[in-house]
Amino acid sequence: MTQRVRFYQTGTFTVGNRLLDETSRTVQATQDRSNSLTSGHRACQGCGEALGARYAVDAAMRAAGNRLVAVNATGCLEVFSTPYPETSWQMPWLHSLFGNAPAVASGVAAALRAKGRNDVRVIAQGGDGGTVDIGFGCLSGMFERNDDVLYICYDNEAYMNTGVQRSGSTPPAARTATTPALGEQPGNVFGQGKNAPLIAMAHNIPYVATASVADLHDLEAKVTKAMGIPGARYIHIHVPCPLGWGSAPADTIKLARAAVESGLFPLFEAEHGEVTDVTRIRRRMPVEAYLQPQRRFAHLFRKPGDPDTVAAIQRIADRNIEKFGLLDGEDG
Amino acid sequence: MFQIRIHGRGGQGVVTAAEVLSVAAFIEGMHAQAFPSFGSERMGAPVTAFCRIDEREIRLREPVNEPDALIIQDPTLLHQVDLFSGLDTRGYLLINTRRKYSELGIDDFVKQFPPHHVCTSPATELALKHVGRPLPNAALIGSFAAVSYRLKLDSVLAAIRQKFPGEVGERNAAAAAEAYDSIRTN
Amino acid sequence: MLKQVEGSHAVAEAIALCRPEVICAYPITPQTHIVERLSEIARSGTLGNCQYVNVESEFAAMSVAIGASAAGARSYTATSSQGLLFMAEAVYNAAGLGLPIVMTVGNRAIGAPINIWNDHSDSMALANAGWIQLFAESNQEAADLHIQAFRLAEQLSVPVMVCVDGFILTHAYERVDVPDQKSVDAYLPPFEPVQLLDPDEPISIGAMVGPEAFSEVRYLAHHKQMQAIDVIPSLADAFAETFGRRSGGLIEEYRTDGAETVIVALGSVIGTIKDVVDEMRDAGVAAGAVKIVSFRPFPLAALRAALERAKRVVVLEKDLALGLGGIAASNVRMALRGLPVPVYTIIAGLGGRAITKASLHKALAEAHGDTIEDPLFLDLDWQIVDHELAREREKRRSGPVAENILRELGLVGGKLR
């Protein structure tokens with residue numbers, strides 16, 4: 001199978017959006033974008049979540065004709081976007097609790113249906129903590145009912161807003177405030193964790209996808225595609241957090257790309273429980289390229305180093321590559 | 001106020017019996033309150049239900065401790081549960097059985113009551129005959145109406161038909177009617 | 001229309017008459033018959049576009065109601081006991097967001113030990129969450145209060161909890177006058193939200209409020225509840241005008257004129273108490289009763305006016321603040337502060353224990369003679385209690401008290417001795 005060549009985003013200087021065909025440009029490149037998450041929010045420099053949310057929500061707004069309601073779980077996005085009395089949301093937006101965003105969104109969708117408002121759609125958003133941990137029961141309920149909600153999870157792999165504590169999405173060996181780099185298995189232990197996209201697929205919902213801020217075109221395309229499908233949909237976006245990961249703010253996209261190109265964060269789409277498309281790795285990287293720039297993995301590289309753990313992480317990447325066919329070559 | 005207590009086992013329609021009695025009383029323009037003693041719902045476990053009938057609004061919310069009438073849907077409870085607690089000897093006693101009081105071991109007990117206040121009724125057999133299921137409640141309600149003179153047969157039948165629509169209601173009504181008639185004609 | 005109907009069904013029909021737009025509920029004894037009946041009604045087509053959502057937990061139930069209400073839909077849910085606690089965070093959230101959700105609480109005891117029978121511990125646990133709390137005496141009042149609740153909630157933008165005694169009311173068949181649609185429509189206009197999630201006028205709801213503004217926000221919520229003190233009676237009056245019967249209000253006085261001993265209670269037990277008061281009066285004892293309908297806001301002024309001339313007040317309540325005593329009694333004492341009227345507490349009916357006229361007569365006679373124990377635990381089996389206390393003094397064994405008691409009685413298998 002052939003795969004369309006994608007331009008790397010190296011900023012707006014070179015290829016960028018200006019030289020692209022209009023139809024290939026991102027929503028963000030257009031002047032009439034809704035700018036739903038407008039400037040003035042208090043996100044950290046280099047915040048992957050702010051970047052991802054801006055792209056995802058504007059794409060959803062574009063697809064919904066700007067008739068969209070957002071429900072947000074407690075977390076970084078909610079906190080930095082609504083520093084009372086200001087808000088940076090230019091769309092109807094509701095924050096209720098940490099663990100109930102999927103259920104609240106189901107409620108909004110039900111209300112709109114009750115009122116015959118077929119023109120207005122609903123998205124729900126939350127971080128990994130609010131999605132895979134405390135919100136998981138509600139998420140599963142929303143999936144099981146096939147409520148017409150697109151749920152977007154911004155996964156920075158820990159409870160960042162409260163001080164970088166481990167979540168069910170924290171990768172093995174990662175240092176967090178509650179999985180310190182101490183003891184026999186420094187950092188988060190191996191053998192734990194949830195794969196939310198796979199679990200979403202197991203619910204047989206109409207659309208599941210993973211995305212990354214490394215490929216913003218792809219992210220927007222997936223959101224747009226999801227908005228064209230009725231029922232329960234789930235997009236899981238990998239978003240580096242410079243503060244929590246201990247990485248340079250300027251490295252956010254580079255690290256996101258390394259996660260994808262090493263195989264640690266596979267990009268794929270699925271419909272009704274079956275994988276329908278994957279993004280193949282263009283230029284494979286070893287996991288070290290991803291791990292080393294992050295201080296949360298520093299204990300693996302400080303003298304004398306921990307090659308065994310790094311190898312174990314490499315094996316995870318290898319398994320992903322095999323499972324999703326991320327390096328499968330073109331047909332003859 | 002007239003207070004009825006019904007004893008049986010889960011699955012025999014004890015609670016429904018109390019409800020139907022209350023509906024019958026309602027049809028006659030009375031106030032009525034029906035409720036079960038609450039326990040885990042389980043087939044075969046002892047169940048008690050209550051019905052109060054009065055001309056005025058019923059405000060009382062306690063179980064019926066001193067029934068004016070006792071209906072026993074399942075005689076196997078007789079020596080297991082204190083069924084007769086609080087029953088005055090001027091009250092009414094109605095037992096679902098084909099057996100004689102002596103066979104049930106309550107001969108002496110029954111003698112304390114006025115003879116026309118105590119009655120047995122082959123309610124399960126009537127139910128099997130008319131409805132095809134061993135649910136004795138409708139027949140017992142018919143018997144109760146006959147023995148106590150507290151409810152008219154027509155009210156009872158209307159209540160049964162309201163609770164069980166269609167064919168099922170008709171058959172239960174038939175069982176109740178036969179139970180009523182057999183007592184009144186004796 | 002007069003019907004002989006199960007309490008839960010009367011409540012369901014009253015809800016249906018209020019034209020709900022989103023109904024969401026998770027089953028829990030003893031509320032199940034309400035939501036089951038509502039699911040039938042919703043499918044019958046008589047509720048138009050009403051959405052009935054089967055949710056995965058009580059927490060989800062209240063959360064769905066929050067989303068629905070914020071999007072402008074008239075929303076309803078129901079729960080009891082453990083379920084109310086499970087949704088506790090969302091209950092506070094709904095009040096804080098000013099969403100006019102109406103919820104039935106089928107009052108049931110809270111575990112451990114697990115208990116499915118009636119008492120008021122659940123409502124009491126969430127009494128300070130910012131919801132209006134109304135208690136029904138009968139199934140007629142239960143049905144009527146829900147209709148008033150929607151109007152009250154929407155007028156004030158405060159959610160309302162209607163408390164209906166589990167089993168005792170929910171599962172009792174009694175006569176209820178179920179109103180007609182036309183009268184309900186006349187009394188309850190369509191929901192016009194104060195704030196709304198609408199793409200045409202986007203707003204952000206639910207921001208974090210820091211120390212610089214939180215106190216003011218909280219005070220304003222308190223102020224709204226205090227406003228309800230006036231609104232509740234006026235809505236009850238309007239109800240009486242439309243439907244021709246009195247239901248609701250803040251309190252109801254029963255034979256309090258010249259009463260020396262006045263019993264105060266919430267919920268269905270007031271019915272039994274009224275019978276007892278009549279019998280006491282027949283015997284020449286100047287007794288009276290006050291039913292509290294609105295527990296939140298707590299009608300301090302109305303209660304004071306009703307009770308200040310009594311020689312003594314007896315609060316009978318189905319809840320217990322472990323380590324303190326009566327909860328309702330404490331609230332009543334606040335209404336009487338500064339007055340030399342003793343307030344006795346009777347703790348009764350916990351976990352569904354029947355409250356009988358006989359026991360009440362005995363206790364109230366003691367109260368009338370000022371010899372009543374305070375608090376009095378009505379019909380407590382002191383033999384079991386004393387035996388367990390004696391055993392505990394001898395030998396320390398950790399574990400649940402209930403099982404320990406049963407173990408002593410030989411009813412729970414343990415090690416063979």
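## Cores, cysteines and salt bridges

In this model, the largest nonpolar core holds 151 residues, and those with the most contacts inside it are Tyr234(A), Met62(C), Tyr76(C), Trp131(C), Val313(C) and Val332(C). Here a nonpolar core is a set of buried Ala, Val, Leu, Ile, Met, Phe, Trp, Tyr and Cys residues joined through side-chain atoms within 4.5 Å. Buried means under 20% relative accessible area, exposed means over 50%, and partly exposed is in between (1.4 Å probe, protein chains only).

A quick word on the ground rules: the model is predicted, local features need pLDDT of at least 70, side-chain atom pairs count only at pLDDT 80 or more, and totals for chains, interfaces and linings use all residues. Residues are numbered from 1 along each chain as its sequence is written, chains are lettered from A and ligands numbered from 1 in the order in which they are written, and side-chain values use heavy atoms, leaving out hydrogens and water.

Take Met62(C): leaving aside residues up to four places away in sequence, Met62(C) touches Thr77(C), Met87(C), Ala90(C), Val91(C), Ala94(C), Ile101(C), Met103(C) and Trp131(C), where contact means heavy atoms within 4.5 Å. There's also a second, separate core of 46 residues, which includes Phe2(B), Ala139(B), Phe144(B) and Ile160(B).

What about disulfides (pairs of cysteine sulfur atoms within 2.5 Å)? The structure has zero of them over all chains. Cys24(C) is in no disulfide, and its nearest cysteine sulfur, in Cys50(C), is 9.7 Å away. That's too far for a bond. Cys24(C) is buried at 0% relative accessibility, and Cys50(C) is buried too, at 11%.

Salt bridges are another story: there are 49 over all chains. Each one is a side-chain nitrogen of Lys or Arg within 4 Å of a carboxyl oxygen of Asp or Glu. Here are some of them:

| Pair | Closest N to O distance |
|---|---|
| Asp119(A) and Arg67(A) | 2.9 Å |
| Arg121(A) and Asp148(A) | 3.2 Å |
| Asp278(C) and Arg59(B) | 2.8 Å |

Asp119(A) sits in the loop between helix H3 (101-114) and strand E3 (121-127) of chain A, and Arg67(A) in the loop between helix H1 (48-63) and strand E1 (68-72) of chain A, so this pair ties together parts that are 52 residues apart in sequence. Helices (H or I, at least four residues) and strands (E, at least two) are DSSP runs, numbered from the N terminus. Asp119(A) is partly exposed at 35%.

Arg121(A) is buried at 16%, while Asp148(A) is partly exposed at 28%.

Finally, Glu137(C), Glu141(C), Glu252(C), Lys274(C) and Lys291(C) are linked in a salt-bridge network.

Note on methods:
Disulfide = S-S within 2.5 Å.
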